[in-house]
Amino acid sequence: MNEQYLIDQIILHSQLYKKYQYKENEIGFYQNLESLRVLKGLGTQDEALDYVIAKSEGVMAA
């Protein structure tokens with residue numbers, strides 16, 4: 001999986017969880033977050049989440 005796919009999935013799962021609060025979306029969010037953490041060599045899931053936020057803010061600004 002590539003970085004952009006994982007970021008898109010993290011955003012999708014977070015939005016679906018916000019709307020429907022299904023446990024599957026919460027699980028998907030954390031699984032994709034962990035995959036991104038491993039892919040980018042980040043230390044914690046908090047760092048991975050900060051990375052996703054920084055990337056998504058850059059896209060929204062453009």
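What span should the 18 residues of helix 2 have at 1.5 Å a residue, and how far apart are its end C-alpha atoms? The points below answer this and then describe the surroundings of helix 2 in this predicted model.

1. Length of helix 2. At 1.5 Å a residue, the 18 residues of helix 2 should span 26 Å. The C-alpha atoms at its two ends are 26 Å apart, so the expected value and the model agree.

2. Arrangement of helices 1 and 2. Helix 1 covers residues 3-20 and helix 2 covers residues 23-40. Their axes come within 8 Å and cross at roughly 155°. Because an angle over 145 degrees counts as roughly antiparallel, helix 1 is described as roughly antiparallel to helix 2. The crossing in which helix 1 passes helix 2 is left-handed.

3. Residues in the contact. Helix 1 contributes E3, L6, I7, Q9, I10, H13, S14, L16 and Y17. From helix 2 come N25, E26, G28, F29, N32, L33, S35, L36, L39 and K40. By character, the residues of this contact comprise nine nonpolar, seven polar and three charged.

4. Burial in helix 2. The buried residues of this helix are N25, G28, F29, N32, L33, L36 and R37. The student may compare this list with the contact: N25, G28, F29, N32, L33 and L36 are among the residues that helix 2 brings to helix 1.

5. Residue S35. S35 lies in helix 2 and is among the residues in contact with helix 1. Its relative accessibility is 31%, and S35 therefore counts as partly exposed, since that class lies between the limits of 20% and 50%. From S35 to H13 there are 22 residues in sequence, and their C-alpha atoms are 14 Å apart in space.

6. Residue D8. D8 belongs to helix 1. With a relative accessibility of 39%, D8 is classed as partly exposed. D8 and S56 are separated by 48 residues in sequence, yet the distance between their C-alpha atoms is 9.1 Å.

7. The loop between the helices. Q21 sits in the loop between helix 1 and helix 2. Its phi is near 60°, a positive value in a residue other than glycine. Q21 has a relative accessible area of 58% and is exposed, because the limit for that class is over 50%.

8. After helix 2. G41 comes just after helix 2 and takes a positive phi of about 70°.

Technical notes. Residues are numbered from 1 along each chain as its sequence is written. This is a predicted model: local features need pLDDT of at least 70, side-chain atom pairs count only at pLDDT 80 or more; totals for chains, interfaces and linings use all residues. Side-chain values use heavy atoms; hydrogens and water are left out. Axes are lines fitted to C-alpha atoms, for helices over the stretch in contact, and angles run from 0 to 180 degrees between N-to-C directions. Helices (H or I, at least four residues) and strands (E, at least two) are DSSP runs, numbered from the N terminus. Angles under 35 degrees count as roughly parallel, over 145 as roughly antiparallel, 65 to 115 as roughly perpendicular and the rest as oblique. A crossing is left-handed if the near helix is turned anticlockwise from the far one by less than a right angle, and right-handed if clockwise. Contact means heavy atoms within 4.5 Å. Ala, Val, Leu, Ile, Met, Phe, Trp, Tyr, Cys and Pro count as nonpolar, Asp, Glu, Lys and Arg as charged, and the others, Gly among them, as polar. The expected span of a helix is 1.5 Å times one less than its number of residues. Buried means under 20% relative accessible area, exposed over 50%, partly exposed in between (1.4 Å probe, protein chains only).
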